Amino acid sequence: QVQLLESGGGLVLAGDSLTLSCAASGRAFSNYAMGWFRQAPGKEREREFVAAISWQGDTTYYADSVKGRFVISRDNAKNTVYLQMNKLKPDDTAVYYCATDGLRFSAGSYYDRTDTDMDYWGKGTLVTVSS
């Protein structure tokens with residue numbers, strides 16, 4: 001079992017930066033690929049992929065909409081994965097979730113995952129970007 005807890009969300013202005021954290025419980029965290037997803041508030045649609053990172057942290061993947069602005073990283077000693085968000089836009093407003101499917105080599109496939117494809121989800125943290 002893995003429990004995930006996101007933090008770091010808040011209200012920022014367009015162009016600002018913000019870093020999200022996802023703290024994981026369980027000794028197996030360092031063996032899992034991890035991902036960040038987001039869901040715009042008030043819209044009934046599945047969460048969309050934002051970024052993913054391999055279990056060792058040496059390979060990263062990004063959605064086109066955030067490539068060049070967001071950076072995903074992890075510290076396995078702290079059981080934490082991060083999402084550094086730069087040059088934020090109003091379109092980035094969403095609840096941000098971290099998630100994992102509990103596998104080691106799957107980060108490259110996170111881009112087309114649906115809600116039911118991931119085994120563990122956090123409760124999310126809200127990021128609001130005002131213009």
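Begin this tour of a predicted model by selecting D92 and R69: the two residues form a salt bridge, and their closest N and O atoms are 2.8 Å apart. Trace the chain between them. D92 lies in the loop between β8 (80-85) and β9, while R69 lies in the loop between β6 (60-62) and β7 (70-75), so that the pair links distant parts of the chain, 23 residues apart.

Next, display the accessible surface. D92 counts as buried, with a relative accessibility of 1%. R69 also counts as buried, at 9%. Now add R38 and E48 to the selection: salt bridges that share partners join R38, E48, R69 and D92 into one network.

Move on to D64 and K67, whose side chains meet in a salt bridge of 3.2 Å, N to O. Are these residues buried or exposed? D64 counts as exposed at 66% relative accessibility, and K67 counts as exposed at 51%.

For the third stop, select D115 and R47. Here the closest N and O atoms of the salt bridge are 3.4 Å apart. This pair, too, links distant parts of the chain, with the two positions 68 residues apart in numbering. D115 is in the loop between β9 (94-100) and β10 (120-121), and R47 is in the loop between β4 (34-39) and β5 (48-53). D115 is partly exposed, with a relative accessible area of 24%, whereas R47 counts as buried because its 15% relative accessibility is under 20%.

To finish, view the whole structure, in which a search finds six salt bridges.

Key: Residues numbered from 1 in each chain as written. Predicted model: local features only at pLDDT ≥ 70, side-chain atom pairs only at ≥ 80, totals over all residues. Heavy atoms only, no water. Salt bridge = Lys/Arg side-chain N within 4 Å of Asp/Glu carboxyl O. Helix = DSSP H or I, 4+ residues; strand = E, 2+ residues; numbered from the N terminus. Buried < 20%, exposed > 50% of the residue type's maximum accessible area, 1.4 Å probe, protein only.
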